Amino acid sequence: MGTQNPIAPPRAQSAAGGNPTRPRHHTGGVIHENTRHTTRFTVIGNHLTQHRELSLLAIGLGCHIQSLPTGAPTDIKSLAARFKEGATRIAAALRELEAHGYLRRERVRTATGRIITRTVSCNQPGHRRQPVDTDCPAPPQPRPTSTHRPQPRPRKALPAVPQPTQAAATALHEQATDLLSTLRRHDPRLLLSATDTAHLAPGVAAWLEREVTPTAVRHALTADLPADTLRRPAALLAHRLTAQLPPPPPYRTPATPPPVRHALRTCDGCDRAFRAPETETHCRDCRTEALAAPV
């Protein structure tokens, strides 16, 4: 009875206070097998790759744009041709990046008058280490303590628009104003102020004077608008009114006015009815007899 069972394992000794128990190893999770890059690589911050508010598509698109060389096309059409997500999802991802400061899209006018969209990719929103290469916004600087408030920068004047003849400008002004005020029904971004409408109305009147229907004018102003934000829609409309102005209508010979038809009146000599101006009192026969009579 006092003999112990030699097959039973000895009692496990408890761990000493200075000897912690063996840690548990998790079998799941990622394991990195990294090799140092020496060429063709891009440094991207974890604040983008691990962003908690951006969608996976926006994060991937932001990484792709940061890896592109300067001057590479990043418009929605080019990105949709490169990836299979489609233009709608790519446009939504670009808006996410723009909302969080990783992307900035600006409307600029070239030397030839064409308006293009310039995309600025910011690898670290809120910082500007290399202004020449990244063109990212600089961090806000403290305002100087001054009693004078800074004056707002004057707004750039709108481009000139075609001008109609004086007669057409007066006759078509109301129709041109109504057409411009209803453009927002076709695109809410084309909501124009009263000042912008007054500036653009002569250009629309010049189109109407050239026998272009209001429907055709509206289509020329609203078709193929950029998918991104219109920073100044009035400037875009002014450019289209000038650049796409149709030629004058072909010359037409003025129609010959119809002959004047005088009212009937009674001859003072023979009481016969005849047509003549009010100055004539005798018919043609009586006037002939009067001329043939001897003096």
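These are my notebook entries on a predicted model of one protein chain.

**Entry 1. Overall layout**

I began with the secondary structure. The protein chain has 10 helices and four strands. Read from the N terminus, I noted the order of elements as α-α-α-α-β-β-α-α-α-α-α-β-β-α. I then looked up burial, and 25% of the 295 residues in the protein chain are buried. For contacts, I took the pairs at least 6 apart in sequence; 52% of them join residues at least 24 apart.

**Entry 2. Nonpolar cores**

Which residues touch the most other members of the largest nonpolar core? I found Leu180, Leu200, Val204, Val217 and Leu221, in a core of 29 residues. At least two residues of this core come from each of helix H6 (166–181), helix H7 (194–209), helix H8 (214–222) and helix H9 (233–243).

I followed Leu200 further. With neighbours within four places in sequence left aside, Leu200 is in contact with Val161, Leu180 and Leu192, and also with Ala234, Leu237, Ala238 and Leu241. I also logged a second, separate core, which has 16 residues, including Ile90, Ala91, Leu94 and Leu103.

**Entry 3. Cysteines**

How many disulfides does the structure hold? I count zero. I checked Cys267 in particular: the nearest cysteine sulfur belongs to Cys286 and is 3.6 Å away. A disulfide needs the two sulfur atoms within 2.5 Å, so Cys267 is in no disulfide.

Is Cys267 buried or exposed? Its relative accessibility is 1%, so Cys267 counts as buried. Cys63 has a relative accessible area of 18%; the cut-off for burial is under 20%, so Cys63 is buried as well.

**Entry 4. Second largest pocket**

I next turned to the second largest pocket, with a volume of about 420 Å³. Its lining has 14 residues, and those nearest the centre of the pocket are Arg107, Val108, Arg109, Arg232 and Ala235. Which elements give two or more residues to this lining? They are strand E1 (103–109) and H9. E1 supplies the largest share, four residues. H9 also contributes to the largest nonpolar core, as I noted in Entry 2. Sorted by class, the pocket lining has eight nonpolar and six charged residues, with no polar ones.

**Entry 5. Cavity**

I counted one cavity of 30 Å³ or more. The largest cavity holds about 30 Å³ of space. Which residues line the largest cavity? I listed Gly62, Ile65, Gln66, Leu97, Tyr102, Leu103 and Ser121. Helix H2 (residues 56–66) gives the largest share of this lining, three residues. By class I have four nonpolar and three polar residues, and no charged ones. Leu103 of this lining is also listed in the second core.

**Entry 6. Gln66**

I picked Gln66 from the cavity lining for a closer look. Gln66 lies in helix H2. Its relative accessibility is 14%, and burial means under 20%, so Gln66 counts as buried. What does Gln66 touch, not counting residues up to four places away in sequence? I recorded Thr42, Val43, Ile44 and Leu48, then Tyr102, and then Ser121, Cys122 and Asn123. Tyr102 and Ser121, both touched by Gln66, also line the largest cavity.

Notes. Residues numbered from 1 in each chain as written. Predicted model: local features only at pLDDT ≥ 70, side-chain atom pairs only at ≥ 80, totals over all residues. Heavy atoms only, no water. Core = buried A, V, L, I, M, F, W, Y, C linked by side-chain atoms within 4.5 Å. Buried < 20%, exposed > 50% of the residue type's maximum accessible area, 1.4 Å probe, protein only. Contact = heavy atoms within 4.5 Å. 1 Å grid on protein atoms, 1.4 Å probe; cavity = no way out; pocket = protein on both sides within 12 Å on 5 of 7 lines; lining within 4 Å. Points joined across faces, edges and corners; volume = space filled by probe spheres on them. Nonpolar A, V, L, I, M, F, W, Y, C, P; charged D, E, K, R; others polar.
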